Amino acid sequence: MNARSGLLDDIKSALRPNGLFVRGVAVFGEGDGPLLADGRRAASVVLVGNAGGSLWTAFDEWHRQHVRAVEHPLDTWSKQVIGEAAERFGATAYYPSDPPYQPFQQWAMHAEGLKASPLGILIHPEFGLWHGYRGALGFSIALAASGRVERHPCDHCSDKPCLTSCPVAAIRMDSFDVAACRSHLATPTGQAGCMVSGCLARNACPVGEEHRYPEGQIRFHMRALTLPAV
């Protein structure tokens, strides 16, 4: 095992107790990576995220202890966990919620070969729509690139139930009507439906359904939405 492979294994071990995983490694050409804390350009970034509800137990326990003190709890918890890993391994940490905003979806498509579903969420052949990216670790060295997905699930889905399950037909193959979706969620029907059980279109996708988030995690994410007044 070389030192760079050993570094990835050490990162995986450090993240595992909190239900986070190395989701892929994006390697950049000279000068193409994001800025590191020392002003150089990263040669690679290690994407960190959840697979299914893997993070929920650790985060929920932490959240119960900090529920009154933290405005954005999942972001705060992610920064704590990933920030500790960054300090331990001499990396620069990046987060989707922090400026300068980094192209996380582009990194994920580059690292894992994923493509967007009609909902706009990147779809994974194993986890379906039930996964996410909580941050990334930037390094000045080029770590080994991760394996890329070759099969895009949506290309082989003939029924496409995500397109017919939305109550307001907000989802199409080439567009997602965000305004219609959010307006519906603010209605009594939306409050009793998607806001309780999660997005009906997302739930209808058959890919990775066994990795569906736990009910508590779904409710947490839905409550975090800022909805228009009706």
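## Exercises on a predicted model

Ala169 sits in the loop between S6 and S7. The structure is a predicted model, and the exercises below start from this loop.

**Exercise 1.** Find what value phi takes at Ala169, and decide whether Ala169 is buried or exposed, or in between.

*Solution.* Step 1: phi of Ala169 is near 50 degrees, a positive value in a residue other than glycine. Step 2: the relative accessible area of Ala169 is 42%. Step 3: buried means under 20% and exposed means over 50%, so Ala169 counts as partly exposed.

**Exercise 2.** Repeat the analysis for Lys160: where is it found, and what is its phi?

*Solution.* Step 1: Lys160 is found in the loop between S6 and strand S7 (171–172). Step 2: its phi is positive, about 45 degrees, although Lys160 is not a glycine. Step 3: with a relative accessible area of 21%, Lys160 is partly exposed.

**Exercise 3.** Determine the strand order of the open sheet and name its edge strands.

*Solution.* Step 1: the open sheet has four strands in the order S1-S2-S6-S3, and the pairing is antiparallel. Step 2: strand S1 (21–27) and strand S3 (92–94) pair on one side only, which makes them the edge strands. Step 3: on average, neighbouring strands of this sheet are turned by 25 degrees against each other, direction ignored.

**Exercise 4.** Describe how S6 pairs with S2 and with S3, and state how many residues of S6 are buried.

*Solution.* Step 1: strand S2 (residues 44–51) and strand S6 (residues 131–139) are joined by eight bridges in the antiparallel sense. Step 2: S3 and S6 also run antiparallel, with three bridges between them. Step 3: locate individual partners. Leu47 stands opposite Ala136 in S6. Val46 has Leu137 in S6 as its bridge partner, and Leu137 is also the bridge partner of Ala93. Step 4: nine of the nine residues of S6 are buried, so S6 is largely enclosed by the rest of the structure.

**Exercise 5.** Identify which strands helix H3 lies across, then work out how H2 is placed against H3.

*Solution.* Step 1: helix H3 (residues 73–89) lies across S2, S3 and S6, and runs at about 30 degrees to S6. Step 2: two packed helices are described by the angle between their axes and the distance between the axes. Step 3: the axes of helix H2 (residues 56–66) and H3 come within 10 Å and cross at roughly 110 degrees. Step 4: angles of 65 to 115 degrees count as roughly perpendicular, and H2 and H3 are therefore roughly perpendicular to each other. Step 5: the crossing of H2 past H3 is right-handed. Step 6: the contact involves Ala58, Phe59, Trp62 and His63 from H2, which meet Pro73, Leu74, Thr76, Trp77 and Gln80 from H3.

**Exercise 6.** Which residues of H4 are buried, and what covers them?

*Solution.* Step 1: the buried residues are Phe104, Trp107, Ala108, Ala111 and Glu112. Step 2: these residues cover an arc of only 100 degrees around the axis, which puts them on the same side of H4. Step 3: their cover includes S1, S2, S3, strand S5 (122–123) and S6. Step 4: just after H4 comes Gly113, with a positive phi of about 75 degrees.

**Exercise 7.** Where is Pro100 found, and what is the omega of the peptide bond from Pro99 to Pro100?

*Solution.* Step 1: Pro100 is found in the loop between S3 and helix H4 (104–112). Step 2: omega of the peptide bond from Pro99 to Pro100 is near -5 degrees, and the bond is cis.

Technical notes:
Residues numbered from 1 in each chain as written. Predicted model: local features only at pLDDT ≥ 70, side-chain atom pairs only at ≥ 80, totals over all residues. Heavy atoms only, no water. Pairing = 2+ DSSP bridges. Helix = DSSP H or I, 4+ residues; strand = E, 2+ residues; numbered from the N terminus. Axes fitted to C-alpha atoms, helices over the stretch in contact; angles between N-to-C directions. Contact = heavy atoms within 4.5 Å. Buried < 20%, exposed > 50% of the residue type's maximum accessible area, 1.4 Å probe, protein only. Arc of directions from axis to C-beta. Parallel < 35°, antiparallel > 145°, perpendicular 65-115°, else oblique. Left-handed = near helix turned anticlockwise from the far one by under 90°.
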